[in-house]
Structure formats: structure tokens, C-alpha cells
Amino acid sequence: MLTTKDHVIASLIKAQDYISGEAISSELGISRAAVNTAVKALRSEGYDIDSSTNKGYILKSYPYKLNLGEISSYLPASRLDNVIVESSVTSTNDLLKALASEGAPAGTVLIADSQTKGKGRRGRSFKSPLGTGLYFSYLLRPSAAPSDVTHVTACAAVCVHNAILRATGLDASIKWVNDLVIGNKKICGILTEMNLESESYSVDSIIIGIGININGSADIFPPELRDIAGTIESVSGVRSDRSRIAACLIDELDKLSSCLTADTSSYLETYSSCCITLGKEVSLVSLPDSDEVARHGTAIAVNPDYTLKVRLDDGSIVDVKSGEVSVRGLYGYI
Ligand code: BTN
């Protein structure tokens, strides 16, 4: 639910110039006094709002808080009904899964400014410190069998690529299967979880969980992760508006949601052209605790089902399904 303060900050961001208190009050259908109160509250939160007797208010700079007000300035108001923004949660995936089981509709989005139990793939944890990243989960409810939606995470990686490009101008690469990389550092990971209907085994819900490291230096990560993980700011030197990235991501995932079980060929094209793994020497690494020996080769293509085609050093070609591939010159598994 948007508060008056959220509406006022959205009006000021959209105006990009002076806007009178009267214009804001009539646009939002609230009193001038309510506008004044909201402006005061926003100033106390770090929004630099200048006022001039004849021209009204102008937003000079803002703290890029992750909140519904800022996100709403980049999306149509009707899209915000199913967008929830929280300051701190255990895991956005876990919470959205609970909402899905209570009947939340497709397109529901849960965003948090921090997570206390952020989950990564293969049971790993995902560092989610306050005020730096975007911890984001999106609910899909396709009428489909699980085998019809195996491409969903790869397509979501394309959505993240597109959203970062639109919001910041930065062209992140995709490390097969579904990490986003800038400057050889992992800046985003994706964890997709699916619930099946127990009788029909059709898909009941899919939660796409996306964690993007956006602002702050690499010091936000523990020392053992600093060679591997980075933030968009630490690799590009540019601080980004997390709310804008969130809004672009919602828009990109809405588009994916509408075509997921139809034609997704354009996603494969973008995926292949952004895939940093292609053309690189790779090692196919066995899972921990397995006694298989690592095999080496070159990644030559992404197949239509998003498996990776690898020419092994003995000349044979294999299609690799799982993510245990290490790329020479890039970080290992996290
Ligand atoms: C990985 O790189 O292993 C996947 C990381 C996925 C992290 C995101 S953050 C939002 C969502 N909630 C979670 O608990 N995990 C995902």
C-alpha cells in the first residue's frame, strides 16, 4: 500500500523540475497541509527538497532508498497493487512462497532491503546486507507441466541483464547457468523454486528469487568472497538507483510471464550473446563428494534448452546440464 509520503516522493521524482504544492495536492487528491507534512518527513529521511515561493518544490538529490514510493515513480500505479517492499525479512523466496500458498496472484513481487536468511543455490547462504542490494522474488503461475518451464531461470537471467542495462547503461554478462557478472565479479545470483500440485503434478507456482549486489564497496562481503563477488558500484564506480533497477526488473519479468510457455526465442538470442562462458576453456567439475575426475574442454554453444555444448579436449562433444562448470579466468562456484 502506498502511503502519502510514497505518493509525494513519486510526484517529485517524476516532475524532474519545480512542481507546486497545489499541483501535487490536486494530482494526489490530498490537502496542501498533507503535502507539507510529507515533504517535512521526506527531508528528515535525507531527501534534499528545495522550495521556492513562486515555483514550489524541487527534488535536488535523494538517498536512493529502496521503497515503494521511489519504485512507483517508474511504474504505472496499477502495477503496484501486488508489489510489497519490506525493510528486513528472513528470505524473500520463503515469504513469497507462504503468500503463494495463501493464494497470492501471479505477478506478486516481494522486495526486501535486507535478508537475515538469504538462500543461494545448493544450500548456500546469500549475503544480503541492508541498504546495498536488491533482494527480490517474483511469483509466476503458468498453466504448465514442470518440463515446459525448465528455461525459466535462464530467461530470468536475461530479464536481469535487460533491467540492469535499462536502469544503469551497464552491460552485464551471464555466466552459465544463471549468474550475472560484471568485470569478472559475480554481481547477481538467481534461485528459482517450484511448487507442484500434488495430484496433477502440474506447476502450482514458481518463485524466481533474484539477489543483486548494487551499491557499496567489496568490503560488504567477507574476505573469502571478495575475489568472487562484487557490487555494481565496486566494479563500475557508479552508484545506482536500486528502486529503478527494481522497477525495470518487474517490467522485464512481467514480459517474461506473458510469453514463458509460448515463444521465448528472443531470450535465447540475448542469453547466447551475453554468455561469458562461450568460447572459454571450461572444466566440468564433479560434485563435491563424488570421485569423478574433472574433464576439460571449450564451451561452444548454448543449446535451445539452455544446456551448454562443450567440445572436450579429446574432440568429443557433450551437452552439460547442471551448473558445475568452472570457467578459466573466472571465479569458481558460489
Ligand atoms: C545463488 O547465487 O546461489 C542464488 C542466490 C539467490 C539469492 C536471492 S536474494 C532474493 C531471493 N531470496 C532468497 O532467499 N534467495 C534469493
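The following paragraphs describe the two sheets of a predicted model, the helices packed on one of them, and a buried glutamate.

The seven-stranded sheet is open, and its strands follow the order E3-E4-E5-E9-E8-E7-E6 with mixed pairing. Strand E3 (83-89) and strand E6 (173-175) form its edges, each pairing on one side only. From one strand to the next, the twist averages 20°. Within this sheet, strand E5 (residues 133-140) and strand E9 (residues 203-213) run antiparallel and are joined by 8 bridges. One of the residues involved is tyrosine 138, whose bridge partner in E9 is isoleucine 208.

Two helices pack on this sheet. Helix H5 (residues 92-101) touches E3, strand E4 (109-115), E5, strand E8 (185-196) and E9. The direction of H5 makes about 25° with that of E5. Helix H6 (residues 152-168) touches E5, E6, strand E7 (179-182), E8 and E9. For H6, the direction makes about 140° with that of E8.

Helix H6 also meets helix H8 (residues 242-259): the two axes come within 8 Å and cross at roughly 140°. An angle over 145 degrees would count as roughly antiparallel, and H6 is therefore oblique to H8. The crossing of H6 and H8 is right-handed. On the H6 side, the contact is made by Val152, Cys155, Ala156, Cys159, Val160, Asn162, Ala163, Arg166, Ala167 and Thr168. On the H8 side, the contributing residues are Arg244, Ile245, Cys248, Leu249, Asp251, Glu252, Leu253, Lys255 and Leu256. By class, this contact of H6 with H8 comprises 12 nonpolar, 2 polar and 5 charged residues.

At the E6 end of the strand order, pairing proceeds through two hairpins. E6 and E7 run antiparallel and are joined by 3 bridges, with serine 173 opposite valine 181 in E7. The hairpin formed by E6 and E7 has 3 residues between the strands. E7 and E8 likewise pair in the antiparallel sense, over 4 bridges. Valine 181 stands opposite lysine 186 in E8, so that valine 181 of E7 faces serine 173 as well as lysine 186. The hairpin of E7 and E8 has 2 residues between the strands, and glycine 183 in its turn has a positive phi of about 55°. Side chains alternate along E7: Asp179 and Val181 point one way, whereas Leu180 and Ile182 point the other way. These four residues are all buried.

A further buried residue is glutamate 70, which has a relative accessible area of 0%. Glutamate 70 lies in helix H4 (residues 68-72). Beyond residues up to four places away in sequence, glutamate 70 touches Ile9, Ile13, Tyr47, Tyr62, Tyr64, Lys65, Asp241 and Ser243.

The other sheet is also open and has 5 strands, in the order E13-E12-E11-E10-E14, with antiparallel pairing. Its edge strands are strand E13 (317-320) and strand E14 (325-327), each of which pairs on one side only. Here the twist averages 40° from one strand to the next. Strand E10 (residues 281-284) and E14 run antiparallel and are joined by 3 bridges. In this pair, valine 282 stands opposite valine 327 in E14.

Definitions and conventions. Residues are numbered from 1 along each chain as its sequence is written. This is a predicted model: local features need pLDDT of at least 70, side-chain atom pairs count only at pLDDT 80 or more; totals for chains, interfaces and linings use all residues. Side-chain values use heavy atoms; hydrogens and water are left out. Axes are lines fitted to C-alpha atoms, for helices over the stretch in contact, and angles run from 0 to 180 degrees between N-to-C directions. Contact means heavy atoms within 4.5 Å. Angles under 35 degrees count as roughly parallel, over 145 as roughly antiparallel, 65 to 115 as roughly perpendicular and the rest as oblique. A crossing is left-handed if the near helix is turned anticlockwise from the far one by less than a right angle, and right-handed if clockwise. Ala, Val, Leu, Ile, Met, Phe, Trp, Tyr, Cys and Pro count as nonpolar, Asp, Glu, Lys and Arg as charged, and the others, Gly among them, as polar. Buried means under 20% relative accessible area, exposed over 50%, partly exposed in between (1.4 Å probe, protein chains only).
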